[in-house]
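Please open the structure in your viewer and keep the selection tool at hand. The stops below go from a single side chain to helix pairs and then out to the whole chain.

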Amino acid sequence: MNKQVNISQEKIFELYGDYLLNHGERPKNVYIFSKEHNFEEQEFYHYFSGFGEIEREIPDHIFKKSLELASEVNSSEEITTKEKLLNVYYIFFENLTMNRSLVLAILGSEKIKNIKTLQRLRKTHREFVMTLDFKEWEMIEKAKESIRNFNEESRQEALWFHLAAAIEFWKKDTSPDFEKTDIFIEKTIDTGFELLDNKPLRKVFDLGKFLWKENFR
């Protein structure tokens, strides 16, 4: 008789990731998945309602771990807001790369699936951005008054769309060690704010924000 597995959220991540990569598709159902891995179906539901929830949780889980890893260096008073953001992003993308095959399998090639899977990450990212002090961001200090007076939601949305664009870039990056993604992040970190000061682009931004809220809340 097979030994019962001591199940946890981390263990389900591991088992589900292995299954997805080895089979190229989701398990047929939770009953079969749990039986094949020697734990009770009910234990699965202590952590997740289904496989889609696991897939939404994994990018968010990686981001939260990255926040923890960056917290020590970001606690220094000498670190600027922009540097704090970059530190988190570099660690996040390094962790994404360590799990690249799984993350690509979860996100898929369709942007619609990408957006749905990143819902939970978007919420955590918003909470992180709310902890940042934008008053000393050099780009904003030099900007027009309209940018300096952005409300909190506008900053959150601008930086979220930037991160989403960076993830899309990383998915397609073929450079060694995905070094072009790091360059992309560094060179475009202010783009979200610049976008909000450009009227034609602002319309695109507002449309994107509307579509997200209407379809993926």
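Which residues does Phe 92 touch, not counting residues up to four places away in sequence? Select Phe 92 in this predicted model and display its surroundings: with those neighbours in sequence left out, Phe 92 is in contact with Pro 59, Ile 62, Phe 63, Ser 66, Leu 121, Leu 163 and Ile 167.

Next, widen the selection to the largest nonpolar core, which has 45 residues. Phe 92 is among the members that touch the most other members, and the others in that group are Phe 33, Phe 44, Ile 54, Phe 93, Leu 163 and Ile 167. Colouring by helix helps here, as two or more residues of the core come from each of α1 (9-23), α2 (30-36), α4 (51-74), α5 (81-98), α6 (100-107), α8 and α11 (152-172). In soluble globular proteins, nonpolar side chains tend to be buried together.

Now isolate α4 and α5, whose axes come within 8 Å and cross at roughly 135°. Angles from 35 to 65 degrees or from 115 to 145 degrees count as oblique, and α4 and α5 are therefore oblique to each other. Their crossing is right-handed. To see the contact itself, show Pro 59, Ile 62, Phe 63, Ser 66, Leu 67, Leu 69, Ala 70, Val 73 and Asn 74 on α4, together with Glu 83, Lys 84, Asn 87, Val 88, Ile 91, Phe 92, Asn 95 and Leu 96 on α5. By class, the residues of this contact are 11 nonpolar, 4 polar and 2 charged.

Keep α4 on screen and replace α5 with α1. The axes of α1 and α4 lie 11 Å apart at an angle of about 115°, and this crossing is left-handed. From α1, select Gln 9, Glu 10, Ile 12, Phe 13, Tyr 16 and Leu 20, which meet Phe 51, Ile 54, Glu 55, Glu 57, Ile 58, His 61 and Lys 65 of α4. The residues of this contact divide into 7 nonpolar, 2 polar and 4 charged.

Move on to His 125, which belongs to helix α8 (residues 119-129). Is His 125 buried or exposed? His 125 has a relative accessible area of 0% and is therefore buried. Leaving aside residues up to four places away in sequence, His 125 touches Phe 63, Tyr 89, Leu 159, Trp 160 and Leu 163.

Finally, zoom out to the whole chain, which has 14 helices and 0 strands. Of its 217 residues, 43% count as buried. Among contacts between residues at least 6 apart in sequence, 71% join residues at least 24 apart.

Definitions and conventions. Residues are numbered from 1 along each chain as its sequence is written. This is a predicted model: local features need pLDDT of at least 70, side-chain atom pairs count only at pLDDT 80 or more; totals for chains, interfaces and linings use all residues. Side-chain values use heavy atoms; hydrogens and water are left out. Helices (H or I, at least four residues) and strands (E, at least two) are DSSP runs, numbered from the N terminus. Buried means under 20% relative accessible area, exposed over 50%, partly exposed in between (1.4 Å probe, protein chains only). Contact means heavy atoms within 4.5 Å. A nonpolar core is a set of buried Ala, Val, Leu, Ile, Met, Phe, Trp, Tyr and Cys residues joined through side-chain atoms within 4.5 Å. Axes are lines fitted to C-alpha atoms, for helices over the stretch in contact, and angles run from 0 to 180 degrees between N-to-C directions. A crossing is left-handed if the near helix is turned anticlockwise from the far one by less than a right angle, and right-handed if clockwise. Ala, Val, Leu, Ile, Met, Phe, Trp, Tyr, Cys and Pro count as nonpolar, Asp, Glu, Lys and Arg as charged, and the others, Gly among them, as polar.
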